[in-house]
Amino acid sequence: MRIAALALLAMSCATDGPCVSPPCPLSVAATITVTSSVSSAMLSGVTIHVQGSATEDEPCTDGVCYVLGGAGTYQVEFLAPGFTTAYLMFTVTGSPGQKCGCGTTNTQQLAVALVPSP
């Protein structure tokens with residue numbers, strides 16, 4: 001009798017009814033290291049402008065920039081005083097979440113070397 005009751009309870013929880021998705025954390029689409037093309041030193045004072053992301057205009061910290069978002073194509077503009085503006089386009093892969101779950105993002109590890117302004 002107990003086994004039958006447990007089986008009935010388990011089946012009642014496995015319905016295809018509506019579910020409430022958990023709040024999914026914002027994924028990091030890319031981590032980008034920004035250096036000088038002359039000295040290879042990591043640059044401070046870099047700001048990025050991103051299209052295709054939850055990140056828009058963001059300052060980078062000690063030469064490391066984070067682009068937030070999921071799978072998709074991104075275009076990033078790199079701005080730094082004393083350096084020529086650079087552009088980078090990349091694609092991030094991932095998978096959608098299971099029913100009532102969060103998806104995954106395959107974070108890209110990228111590097112950009114900025115050229116000093118003439």
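Helices (DSSP runs of H or I, at least four residues) and strands (DSSP runs of E, at least two residues) are numbered from the N terminus. This is a predicted model, in which local features need pLDDT of at least 70 and side-chain atom pairs count only at pLDDT 80 or more, while totals for chains, interfaces and linings use all residues. Residues are numbered from 1 along each chain as its sequence is written, and side-chain values use heavy atoms, with hydrogens and water left out.

## Overall make-up

The chain contains one helix and nine strands, and along the sequence these elements follow the pattern α-β-β-β-β-β-β-β-β-β. Of its 118 residues, 25% count as buried, a word that stands for under 20% relative accessible area, whereas exposed stands for over 50% and partly exposed for what lies in between (1.4 Å probe, protein chains only). The accessible surface of the chain comes to about 7,600 Å², and 61% of that surface belongs to carbon and sulfur atoms; such areas come from the Shrake-Rupley method with a 1.4 Å probe, and for residues only the protein chains shown count as cover. Among the contacts (heavy atoms within 4.5 Å) in the chain with a separation of 6 or more, 57% are between residues 24 or more positions apart.

## Two open sheets

Two strands are said to pair if DSSP finds at least two bridges between them. An open sheet of four strands has the order β3-β2-β5-β6, and its pairing is antiparallel. Its edge strands are β3 (57-59) and β6 (86-92), each of which pairs on one side only. From one strand to the next, the twist of this sheet averages 25°; for such angles, axes are lines fitted to C-alpha atoms (for helices over the stretch in contact), and angles run from 0 to 180 degrees between N-to-C directions.

Another open sheet has three strands in the order β4-β1-β9, with mixed pairing. Here the edge strands are β4 and β9, each pairing on one side only, and neighbouring strands are turned by 25° against each other on average, direction ignored.

The table lists strand pairs from these sheets, each with one pair of residues that stand opposite each other.

| Strand pair | Sense | Bridges | Bridge partners |
|---|---|---|---|
| β5 (72-79) and β6 | antiparallel | seven bridges | Gly-72 and Val-92 |
| β1 and β4 | antiparallel | five bridges | Ala-30 and Val-67 |
| β1 and β9 (108-114) | parallel | seven bridges | Ser-36 and Leu-114 |

Ala-30 has a bridge partner in β9 as well, namely Gln-108.

## Strand β1 and the nonpolar core

Seven of the nine residues of β1 are buried, so this strand is largely enclosed by the rest of the structure. Thr-35 lies in strand β1 and is buried, with a relative accessible area of 17%. Apart from its neighbours within four places in sequence, Thr-35 is in contact with Ser-40, Ala-41, Met-42, Leu-43, Val-112, Ala-113 and Leu-114.

In soluble globular proteins, nonpolar side chains tend to be buried together. A nonpolar core is defined here as a set of buried Ala, Val, Leu, Ile, Met, Phe, Trp, Tyr and Cys residues joined through side-chain atoms within 4.5 Å. The largest such core has 21 residues, of which Ile-32, Val-67, Phe-78 and Leu-114 touch the most other members. The elements that give two or more residues to this core are β1, β2, β4, β5, β6 and β9, and its largest share, four residues, comes from β1. Beyond its neighbours within four places in sequence, Ile-32 has contacts that include Val-67, Phe-78, Leu-88, Phe-90 and Leu-110.

## Two loop residues with positive phi

Most residues other than glycine have a negative phi. Ser-40, although it is not a glycine, has a positive phi of about 65°. Ser-40 is found in the loop between β1 (28-36) and β2 (47-51), and with a relative accessible area of 55% this serine is exposed. Ser-40 is also one of the residues in contact with the buried Thr-35.

Asp-62, likewise not a glycine, has a positive phi of about 50°. The place of Asp-62 is in the loop between β3 and β4 (64-68), where Asp-62 counts as exposed at 59% relative accessibility.
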